[in-house]
Amino acid sequence: MPESTTSPQTARARRGRPRSGLRSLWKSPWFDIAAIIIVVVALMALFPSLFTHIDPRDCDLSKSRLGPEPGHLMGYDIQGCDYWSNIVYGARTSLEVGVYTAAISFVIALVAGSLAGYFGGVVDSVISWTSNVILGIPVGIASLVILYQFRSRTVWTIVFVLVLFSWAATMRYMRSSVMQVRNLEYIQAARGLGVGPWRILGSHVIPNAVTPLIVMTTLSVGAGMAAEAGFSILGVGLKLPAFSWGIQIALASQDGNWQIAPLLMFFPALMLGLTTLAFVVLGESLRDALDPKARR
Amino acid sequence: MLRYTLRRVLLMIPTLIGSTFLVYLLVFLIPGDPVTRLAGGEKRLSDSTIASIREQYNLDDPFFVQYAKYLWGVLHGDFGHDFNGNSVSTLIATALPYTVVLALTAFVLKLVIGVCLGVWAGLRQGRLPDKFNLFFTIFFLAVPGFIIAYFSQYVFGIKLHWLPISGVQAGFPLAFVMPAMVLALETASPLARLSRTSLVDTMRSDYIVTATAKGISPQRIMWVHALRNAFMPVVTYLGLSMAALLGGSVLIETIFNLPGLGGTLARAIDTQNGPVVVGVSIFLLLFYLVAALVVDLLYPIIDPRVRHA
């Protein structure tokens, strides 16, 4: 360990004030680009009318698959609807799947991981065993089979299936991170002072152990969005008349549509690819800023 | 070694029963008639078909007996029959070779890309190869595999005519290059990262410092002392990812129209062929679990330290 050669004082001086890592985020241009992409997509999801005045359901079959023209930046889809407004309205569903899945997994992993890591014993055995069983199942096949059973699927159906298989991996990170913090001196000091277990867990252990979980959660948003599209391509995802980038990619992939009009595939794929990339860059930047040990 | 094997096999049983039971439960215990659900809803079936399906899945027995009988059949290689009377086992047997060939090709490509990139970056830490490695891993970690698949179909298939867009008519190397490459790129990122971190960590350890102090040449330290130890975590990861590749890549097989297990599953979902969906997915679950088991059992042979854990 090269770190042990420096004395504690110089180490402390170099580390500076806590949270100074977060400020270094703003210096990275990659982080800025990622943040801008996410803000724009979030605005699209919340206020689609800011980006387009064309009704995505106002279609003209005679314009099916026509290329871009003035006022219609991305041309028309198979039904002859304006593609740009379809893409704008598709942002909400795609982002919803990614964000809800990540958020719910975060809460489950936070609670289950803290309980398992801090209390150990029977609680730990039950939670760890359940997560091991889930981690042993190949996710892709299992989620296909489950989704196949639902005749009508909403955003929440997709989120449910994704959460079912994604909480286990994040829970493991939280658990091991809590187990590391649990035995540190300041926790023992708090215990010695007579602080109750729930208070220790809530105000001392979790705030110091949650960093890897936040990073994992940010990284997983893009994966949820990609899964939504993957399900649509395989025919077990959302269907028309809903709007989502996944549905647009799936429709373009059917019957060789995109081989005739490649732009039908290009635009939703570009939006989805940029957004998932942005979330991964954001997660990686957060990891660098919050977790100096991983910075090598 | 025997105790380790035994414990590992016993650990697999709950997962095996749990996952097959989940599939079975979903299909047969949800309210409504399982026969119509297997047929995908509004399809009209003759009375004799309904009777044969009820008999095939033992629907007149209590639920647990149904499941036990089905699992018993599966363990004897009988996955039932679909609505056209085709044996699901035969279907699996014809599809399996494509999946195995795809998985092995992807595995080799991924190994070469991931390890080379990781070692190169680890040796030139902080310099250009390292930055390229970071860019590569983030890009392929983030961008969904199907986007890369469609993109390469467009560039190499439609524009350049180098490779067939989809299907297996072109035979082994040509038809499998693109799907295997996409699978490899999609999964090489964690491997490249792990190789890099592991190599950097090993190069910092005390015994490498000792070897340097003794005056051993950097090349010899690298090839004889560092690489072997650096690759221990890499081998573990490779094993697990091999199991995942064999477990089928439904999406890639569908996009490239390969008649492997994943493609068969997707087509069965598309045509709402319930018995095939149940049979193929249970087979894939079992296949994945056994592959993971074999990898775990092989690991102590590579790394003797595991035997005492």
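How many residues do chain A and chain B each bring to the contact? The contact takes 36 residues from chain A and 37 residues from chain B, where two residues are in contact if their C-beta atoms, placed from the backbone, lie within 7 Å.

This is a predicted model, in which local features need pLDDT of at least 70 and side-chain atom pairs count only at pLDDT 80 or more, while totals for chains, interfaces and linings use all residues. Residues are numbered from 1 along each chain as its sequence is written, and chains are lettered from A and ligands numbered from 1 in the order in which they are written.

**View 1. The side of chain A that touches chain B.** At least two residues each are supplied to this side by helix H6 (139-148), helix H10 (211-234), helix H12 (257-260) and helix H13 (262-290) of chain A, helices being DSSP runs of H or I with at least four residues, and strands runs of E with at least two, numbered from the N terminus. H13(A) gives the largest share, ten residues. By residue type, this side of chain A divides into 23 nonpolar, ten polar and three charged residues; Ala, Val, Leu, Ile, Met, Phe, Trp, Tyr, Cys and Pro count as nonpolar, Asp, Glu, Lys and Arg as charged, and the others, Gly among them, as polar.

**View 2. The largest nonpolar core and Leu234(A).** Such a core is a set of buried Ala, Val, Leu, Ile, Met, Phe, Trp, Tyr and Cys residues joined through C-beta atoms within 7 Å, and a residue is buried if 20 or more other C-beta atoms lie within 10 Å of its own, exposed if 12 or fewer, and partly exposed in between, with C-beta atoms placed from the backbone. Of the 151 residues in the largest core, Leu144(A), Leu234(A), Leu265(B), Ile269(B), Val277(B) and Val280(B) touch the most other members. Helix H4 (residues 83-119) of chain A supplies the largest share of this core, 15 residues. Leaving aside residues up to four places away in sequence, Leu234(A) touches Leu144(A) in its own chain, together with Val250(B), Leu251(B), Thr254(B), Ala266(B) and Ile269(B).

**View 3. Helix H9 (residues 197-209) of chain A and its bend.** Between its end C-alpha atoms H9(A) spans only 16 Å, whereas a straight helix of 13 residues would span 18 Å at 1.5 Å a residue, the expected span being 1.5 Å times one less than the number of residues. The helix bends by about 25° at Ser203(A), with a proline, Pro207(A), following within four residues; the bend is the angle between axes fitted to the seven residues ending at a position and the seven starting there. Leu201(A), Val205(A), Ile206(A) and Ala209(A) are buried in H9(A), and the buried residues of this helix pack against H4, helix H7 (155-182) and helix H8 (185-192) of chain A.

**View 4. The surroundings of Ala45(A).** Ala45(A), found in helix H3 (residues 29-46) of chain A, counts as partly exposed because it has 18 C-beta neighbours inside 10 Å. Apart from residues up to four places away in sequence, Ala45(A) touches Ala91(A), Arg92(A) and Leu95(A). The C-alpha atoms of Ala45(A) and Met225(A), which are 180 residues apart along the chain, are separated by 13 Å.

**View 5. Chain B as a whole.** The secondary structure of chain B comes to 13 helices and zero strands, and buried residues make up 38% of its 309 residues.
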